[in-house]
Amino acid sequence: MEQVVEITEAASFQIREMMRHNEEMDSYLRVAVKGGGCSGLTYGMGFEKEQDVKDDLYEQFGIPILIAKEDAPILKGTVVDYKQSLMGGGFTIENPNAIASCGCGTSFRTAKKAGTPENC
């Protein structure tokens with residue numbers, strides 16, 4: 001099965017650290033898309049204990065990754081990275097399917113899915 005989301009080595013290191021710190025080593029990483037935000041869609045990442053029948057399972061750098069089948073077309077080609085700067089660090093998401101995003105950078109829309117925007 002073709003990888004939908006690429007997790008960089010820097011991001012995988014940070015994710016594994018979070019899994020250890022939160023005692024989630026036996027969990028999956030969920031990468032998701034939700035409705036909302038200024039542009040209509042937002043990204044979500046979190047840990048889950050079980051895979052649903054509506055999920056596809058991938059693995060990168062030893063991290064099991066769940067993506068809902070309905071989110072896969074929106075996320076295809078997305079790269080999740082972790083950047084460190086003098087002001088701190090954080091995850092960055094580059095999605096080639098996003099055609100517009102809001103100023104805060106956490107909300108987006110695609111040509112095929114606009115979602116329902118919220119006031120920011």
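**View 1. The whole chain, read from its beginning to its end.** Read along the sequence, the elements of the chain follow the pattern β-α-β-β-β-β-α-β-β-β-β, so there are two helices and nine strands, where helices (H or I, at least four residues) and strands (E, at least two) are DSSP runs numbered from the N terminus. The model is a predicted one, in which local features need pLDDT of at least 70 and side-chain atom pairs count only at pLDDT 80 or more, while totals for chains, interfaces and linings use all residues. Residues are numbered from 1 along each chain as its sequence is written, and side-chain values use heavy atoms, with hydrogens and water left out. Of the 120 residues in the chain, 38% are buried; buried means under 20% relative accessible area, exposed means over 50%, and partly exposed lies in between (1.4 Å probe, protein chains only). The chain exposes about 7300 Å², and carbon and sulfur atoms supply 51% of this area, as computed by the Shrake-Rupley method with a 1.4 Å probe.

**View 2. Strand β5 and the strands that pair with it.** Strand β5 covers residues 63-68, and five of its six residues are buried, so the strand is largely enclosed by the rest of the structure. Strand β4 (residues 55-60) pairs with β5 in the antiparallel sense over six bridges, whereas strand β2 (residues 28-36) runs parallel to β5 and is joined to it by two bridges; two strands are said to pair if DSSP finds at least two bridges between them. Among the bridge partners, Glu59 is matched with Pro64 of β5, and Leu29 is matched with Ile65 of β5. The hairpin of β4 and β5 has two residues between the strands, and in this hairpin Phe61 takes a positive phi near 50°.

**View 3. The aromatic pair of Tyr82 and Phe91.** The count of aromatic pairs comes to one, and this pair is formed by Tyr82 and Phe91, which meet edge-to-face at 5.1 Å centre to centre with 75° between the planes. Rings of Phe, Tyr and Trp (its six-membered ring) pair if their centres lie within 6.5 Å, and planes under 30 degrees apart count as stacked, over 60 as edge-to-face and the rest as tilted. Tyr82 is buried because its relative accessible area is 17%, while Phe91 counts as partly exposed at 30%.

**View 4. A salt bridge within helix α1.** Side chains of opposite charge can pair when their charged atoms come close. A salt bridge is a side-chain nitrogen of Lys or Arg within 4 Å of a carboxyl oxygen of Asp or Glu, and the count comes to eight salt bridges. In one of them, the side chains of Glu17 and Arg20 meet at 2.9 Å, N to O. These two residues are three apart in helix α1 (residues 9-21), so about one helical turn separates them. Glu17 is partly exposed at 32% relative accessible area, and Arg20 is partly exposed at 44%.

**View 5. A salt bridge between two loops.** The side chains of Lys49 and Asp26 meet in a salt bridge of 2.9 Å, N to O. This pair links distant parts of the chain, with Lys49 in the loop between β3 (40-48) and β4, and Asp26 in the loop between α1 and β2, 23 residues apart. Lys49 counts as partly exposed at 47% relative accessibility, whereas Asp26 counts as exposed at 58%. Glu24, Asp26 and Lys49 are linked in a network of salt bridges.
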